[in-house]
Amino acid sequence: MKMFSLKLSVVFILSILLAGCASSKQQLLAASKSQVQLRSIQSRAFDATDQQKMMRVIISTLQDLDFVIDRADLDLGSITGSKFMNNNLLKMTVMVKPRGETQLLVRANAQYGLEAIEDAEPYQDFFTALEKALFLTAHQVE
Amino acid sequence: MKARYGILLITPRASNYLKMIKNRTWVKSVSFLFLACFIGCASQYPKTVLRLSPVSLTDKQLQSRQYETDNEKEIIAACAGVLQDLGFTIDDSETQLGLVVGSKDRNAIDAGQVTLATISTIFNILNNAPAGDDLERVDRSQKIRASVVTRPSSDPKKILVRVTFQRLVWNARGEVARRETLKDPSLYQGFFDRLSKSVFLEAQKI
């Protein structure tokens, strides 16, 4: 009897824990921050207009950060790179597109292992490295 | 071992059951699940993942060379040629950005590692211990990836070439045993020696 009630309580606690996690399918639309917040963390505007040159500098910055470039597309403005860290895969995509007549918008997003990177700090580090390589200031986008 | 049951101790009555349940595997698996749940919730990545490391300049020097030409396409073609010489297949390229990416799948069996695993298994058997899974944990296959990027140097008559290699190693069970960026200088030296030769061969249309 005692054994039975123990089993029952363990199953009960476990089901509470599992109910807390959403169904794994919901991961498709999951994000810990709002769309606006994420965009503001992951994007910066630069006073430059040459998209090709910007993309080349981003590629070289990613290489400085120890990334191996997986693919790039000038027409779409996308660059994807990966890096192995502590036996985990860090994967990152950077998109470049014109913003108005005088600026380029750079947006990055990254995942580490099975987790999305949604903190501001790593992206700030990336844009700091990019600023240095470009000799330009990154502007926060509203 | 005690720490494994730590969560159960939260309920005061649970401690009474501890003796009774100590050897039951379902308890072990449940406590493992508990731990997994908690680990899954914690943020795991280091906050400095995208910070420039102090060795990045040394790496850059190791991975880069300059070639005296103003024709970037010619250099990219030569790089693709070297990758093919080395048995890589081209996965992706974007000539307007100076990028060629290739990979190859190869054997990763290391005779020394297999010998050690065999000795340890035999030793276990001789000592009447379970044979263990050392032989299943030895490296079996690997995927080596190379990414070559060219860009015009500050000197308009020169083109900079930077190559990076990484590899994924699987063990005999099919699990990923290692992921690593290759930093061995001789690998990079070998690549650039072949690239110099390739530039020459391409120029001679061979």
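The expected span of a helix is 1.5 Å times one less than its number of residues, and I would like to start from that rule, because it lets us test one helix of this predicted model straight away. Helix α6 of chain B, residues 185–203, has 19 residues, so at 1.5 Å a residue it should span 27 Å, and its end C-alpha atoms are indeed 27 Å apart, in agreement with the rule.

Let me stay with that helix for a moment. Which residues of α6(B) are buried? They are B:Tyr188, B:Phe191, B:Leu195, B:Ser198 and B:Val199. Around the axis they cover an arc of only 105 degrees, which places them on the same side of α6(B). As background, an α-helix has 3.6 residues a turn, so residues three or four places apart point the same way. The face turned away from that buried side carries exposed residues, namely B:Ser186, B:Gln189, B:Asp193 and B:Phe200. As for what the buried residues of α6(B) pack against, the partners in chain B are α3 (56–63), β1 (64–68), α4 (72–85) and β5 (158–171).

One residue ties this helix to a wider picture. If we leave aside neighbours within four places in sequence, B:Cys79 is in contact with B:Leu195, and also with B:Val100, B:Val148, B:Thr150 and B:Val161. B:Cys79 and B:Val161 appear again in the largest nonpolar core, which has 54 residues; together with A:Ile58, A:Ile59 and A:Ile69, they touch the most other members. In soluble globular proteins, nonpolar side chains tend to be buried together.

Now to the chains as wholes, beginning with chain B. Chain B has six helices and six strands, and read along the sequence they follow the pattern α-α-α-β-α-β-β-α-β-β-β-α. Of its 206 residues, 20% are buried, and among contacts between residues at least 6 apart in sequence, 58% join residues at least 24 apart. As a single example from this chain, B:Ile119 lies in helix α5, residues 111–126, and it counts as exposed because it has 11 C-beta neighbours inside 10 Å, where the cut-off for exposed is 12 or fewer. B:Ile119 is 15 residues from B:Asp134 in sequence, while their C-alpha atoms are 9.6 Å apart in space.

Chain A has four helices and seven strands, and from the N terminus on its elements run α-α-β-α-β-β-β-β-β-α-β. Of its 142 residues, 29% count as buried, and 49% of the contacts between residues at least 6 apart in sequence join residues at least 24 apart. A word of care about confidence belongs here: chain A averages a pLDDT of 88, with 89% of the residues scoring at least 70, but the mean falls to its lowest in α1(A), at 66, and reaches its highest in β2(A), at 96.

The helix to look at in chain A is α4(A). Its 15 residues should span 21 Å at 1.5 Å a residue, and its end C-alpha atoms are 21 Å apart, which agrees. Its buried residues are A:Pro122, A:Tyr123, A:Phe126, A:Phe127 and A:Leu130, and these cover an arc of only 130 degrees around the axis, which puts them on the same side of α4(A). What covers them includes α2 (35–42), β1 (43–46), α3, β5 (103–112), β6 and β7 (138–140) of chain A. After α4(A) comes A:Phe135, whose phi is positive, near 60 degrees.

Strand β6, one of those covering elements, spans residues 115–117 and holds A:Ala116. A:Ala116 is partly exposed, because 16 other C-beta atoms lie within 10 Å of its own. The C-alpha atoms of A:Ala116 and A:Ser40, 76 residues apart along the chain, are separated by 16 Å.

That leaves the interface. How many residues of each chain are in contact with the other? The count is 37 residues of chain A and 32 residues of chain B. On the chain A side, at least two residues each come from α1 (2–20), α3 (51–64), β2 (68–73), β3 (78–85), β4 (88–99), β6 and α4 (120–134), and α3(A) gives the most, with seven residues. By class, that side of chain A has 21 nonpolar, five polar and eleven charged residues. I would add one caution, which is that α1(A), one of the elements listed there, is also where confidence in chain A is lowest.

Technical notes:
Residues numbered from 1 in each chain as written. Chains lettered and ligands numbered in written order. Predicted model: local features only at pLDDT ≥ 70, side-chain atom pairs only at ≥ 80, totals over all residues. Contact = placed C-beta atoms within 7 Å. Nonpolar A, V, L, I, M, F, W, Y, C, P; charged D, E, K, R; others polar. Arc of directions from axis to C-beta. pLDDT = per-residue confidence, 0-100. Core = buried A, V, L, I, M, F, W, Y, C linked by C-beta atoms within 7 Å.
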